[in-house]
Amino acid sequence: MQVDLEVEGAAVAGLPRFQQAIFQGRRLRQLAIGLGALASTGLLLAFFVGLFAPQSLWPALLVNQSAALLVLVAGLQSAWWVTQWRARAMNPVALPVEIEVAEAPVGWYEQLLERISQRWTRTLVQIGAPTLWLGGWALLVLVSINQVWNLALPSAAPDFSANVGAALSLLLAFGLLVLERQLAQENAAQWPEAGQLAQLARVAIISLVLGALCLLFGSEVSVWPVRLAVLIGLLPGLVAVELLLRAVLSLFSPRREQLEPALLARSFVADMLRWPPQPLLALQHELHNRFGIDLRQIWAFTYMRRALVPVLAVVAIVGWSLTGIHEIPLQGRGIYERFGKPVEVFGPGLHAGLPWPLGRVLSVENGVVHELATSVGEAAAPIAAAPAEGPAPTVANRLWDASHVNDKSQVIASSRADKQSFQIVNMDVRFVYRIGLTDQAALAATYNNADVPALIRSTASRILVHDFASRTLDGLLGEDRVGLAEEIGRAVQTDLQTLGSGVEILATVVEAIHPPAGAANAYHGVQAAQIGAQALISRERGAAAEATNQAQLQASIARDQATANAREINAAAQAADLKFSAEQKAYASAGQAFVLEQYFSQLSQGLANTRLLVLDHRLGGSNNAPTIDLRTFTLPADPAPARQTAQPGAAK
């Protein structure tokens, strides 16, 4: 029970824990300094070892063991603060009398600094040194463990230093065990914090013993010692997290200088390090000591304790019975086995049967389609996705001069100079398959096959060897390739049905057939020569056809032009003949009038672009004939004599 010095008559001189406070404080200080020096040495060694051998076991082991010692140091220091309070309570020291001294005037800046320093000092005093120290130790432990946490450390063969380290760890663990036994046997009235310090000592002891086991049983083929050396840090890490949480929560608890402080470095995790563990008992004691609640007097908890075993038994039986309920997904089927014998094939949905292990359901695919290559090479390292505008990755190279993962070399027939020979080609043949949809196919695929892809691959390899032995390269790359995939798929399906595999081949795809990568350049040269010869022949044939067509075109144009000219001449002759005949008929019927009309017509055509002056003879009257002034006319003048046979009314 905590002592309050403000209560009248509170005599602390008669309490054993106050009488031995000075001795206990001196002992705690010595232990804290010694263990702190050991922990600092371990951290320093771990730092230098990590510089030269970062993948070694030693950094993680030394840091985790030092962290466990620091947890114990934090507990010892927290208990030392309590003993210091008791020692001051036993021997109170009178406060010195303050003497007022006249101070020189200070400026505003000095006043601001003094005010800030007083505020920070007041805040730190309110928090308290025990809380700050405990939080600092906990943070140091967590940061140290985080720096060496690496579960991917490789195993290594132990050397002489491992034996020395194991011996030192066991020796230190034995010393802490002696300390733990002494603290555990202390009377609670004389030293209340001894039991809780013993619990923290167990954390360090367990860490040291586990570290020694890691060093003693380490080998090149064993990985568990390395993993255990890293996982040791979980125990002091959990305790440090709890101590840090207690330090943070203590900020919200009021501090009274006259009230006896309680040990701040208590750990529920460390309290669990006992056999048998009794977490409920510790909770019961805590509730009883703090709040006066005795769980043993509550009938509900008593009833729960008595009914715990029957309820657990009923829950276990119900849970075991529910293992007979099986859920089959939509894309799957299930083969129900009763006492190890297949009874029925379940479809998608919920199905009931005997509980495990009397009955069980084996999963089978239901219509899931797979693609399988006949040859699979070693898996390459993953390659980062190439940008859309950048160069294509190496795995996307599908040319013949590059080897591919799924290519399989095959020997085929060949003939050279009337001699039988063979050639080697690389091929990539893929099969698209699924487990049959019938119940018999599901049973056969489950019980007749250990590995369906391996069975398909081996069967396909045998079929390909037999089928390709009778084919040539030109045939494979030409007319035979059309029906090759169908023939291979049919042959593989026949063999799989004979074996009772329950596998259904949906499609066979011949992805690529080409010569080996080493012979690709030579084959490309042969193909280029053949393509060049065919292109030259085609080019010459095209030129000959072009010349023939051009000559035919010119002859056709000349013939058509001659025919057109002849028809034009014939038509002109016929038109002249018809015109002459018409003129004869017109002269015969009209006589001199027709001639005069023709004259006028020809005269109009001849004088079409000439300026004419036409005068009527009636303009001058009957006695005076019209007069033409020939001075206004220019040569040539028509010298022909006037016709005597002019029509009446014509100008003279």
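Glu-193 is buried, with a relative accessible area of 4%. The model in which this residue sits is a predicted one. Glu-193 lies in the loop that links α6 (160–184) to α7. Leaving out residues up to four places away in sequence, Glu-193 touches Ala-79, Val-82, Arg-86 and Leu-263.

One of these partners, Leu-263, belongs to the loop between α9 and α10 (268–271). Leu-263 is buried, again with a relative accessible area of 4%. Beyond its neighbours within four places in sequence, Leu-263 is in contact with Gly-75, Ser-78, Ala-79, Val-82, Glu-193 and Gln-196. Leu-263 and Gln-77 stand 186 residues apart in sequence, while their C-alpha atoms are 9.9 Å apart in space.

**Helices**

Helix α3 covers residues 58–90. From first to last C-alpha, the 33 residues of α3 reach 47 Å, close to the 48 Å expected at 1.5 Å a residue. Of these 33 residues, 27 are buried, so α3 is largely enclosed by the rest of the structure.

Helix α7 (residues 194–216) and helix α9 (residues 234–249) have axes that come within 9 Å and cross at roughly 155°. The crossing angle therefore makes α7 roughly antiparallel to α9. On the α7 side, the contact is made by Leu-200, Val-203, Ile-206 and Ser-207; on the α9 side, by Leu-235, Pro-236 and Val-239. By type, the residues of this contact are 6 nonpolar, 1 polar and no charged.

**The sheet and its loops**

An open sheet is built from 3 strands in the order β3-β2-β5, with antiparallel pairing. The edges are taken by β3 (341–346) and β5 (359–365), each of which has a single partner strand, so one side of each is left without a neighbour in the sheet. From one strand to the next, the twist averages 30°. Between β2 (residues 332–338) and β5, the antiparallel pairing runs over 7 bridges. Glu-337 has Arg-360, in β5, as its bridge partner. Helix α13 (residues 439–447) packs on the sheet and touches β2, β3 and β5; the direction of α13 makes about 70° with that of β2.

Two loops in this region hold residues with notable backbone angles. Phe-339, in the loop between β2 and β3, has a phi near 55°, a positive value in a residue other than glycine. Phe-339 is exposed, with a relative accessible area of 60%. In the loop between β4 (349–352) and β5 lies Pro-357. The peptide bond from Trp-356 to Pro-357 is cis, with omega near 5°.

The loop residues with a computed accessible area are set out below.

| Residue | Loop | Relative accessible area |
|---|---|---|
| Glu-193 | α6 to α7 | 4%, buried |
| Leu-263 | α9 to α10 | 4%, buried |
| Phe-339 | β2 to β3 | 60%, exposed |

**The whole protein**

The protein contains 18 helices and 9 strands. Of its 652 residues, 29% count as buried. Among contacts with a separation of 6 or more, 74% are accounted for by residues 24 or more positions apart. The contact between Leu-263 and Gly-75 is an example of two residues that touch outside the span of four places in sequence.

Terms used: Residues are numbered from 1 along each chain as its sequence is written. This is a predicted model: local features need pLDDT of at least 70, side-chain atom pairs count only at pLDDT 80 or more; totals for chains, interfaces and linings use all residues. Side-chain values use heavy atoms; hydrogens and water are left out. Two strands pair if DSSP finds at least two bridges between them. Axes are lines fitted to C-alpha atoms, for helices over the stretch in contact, and angles run from 0 to 180 degrees between N-to-C directions. Contact means heavy atoms within 4.5 Å. Angles under 35 degrees count as roughly parallel, over 145 as roughly antiparallel, 65 to 115 as roughly perpendicular and the rest as oblique. Ala, Val, Leu, Ile, Met, Phe, Trp, Tyr, Cys and Pro count as nonpolar, Asp, Glu, Lys and Arg as charged, and the others, Gly among them, as polar. The expected span of a helix is 1.5 Å times one less than its number of residues. Buried means under 20% relative accessible area, exposed over 50%, partly exposed in between (1.4 Å probe, protein chains only).
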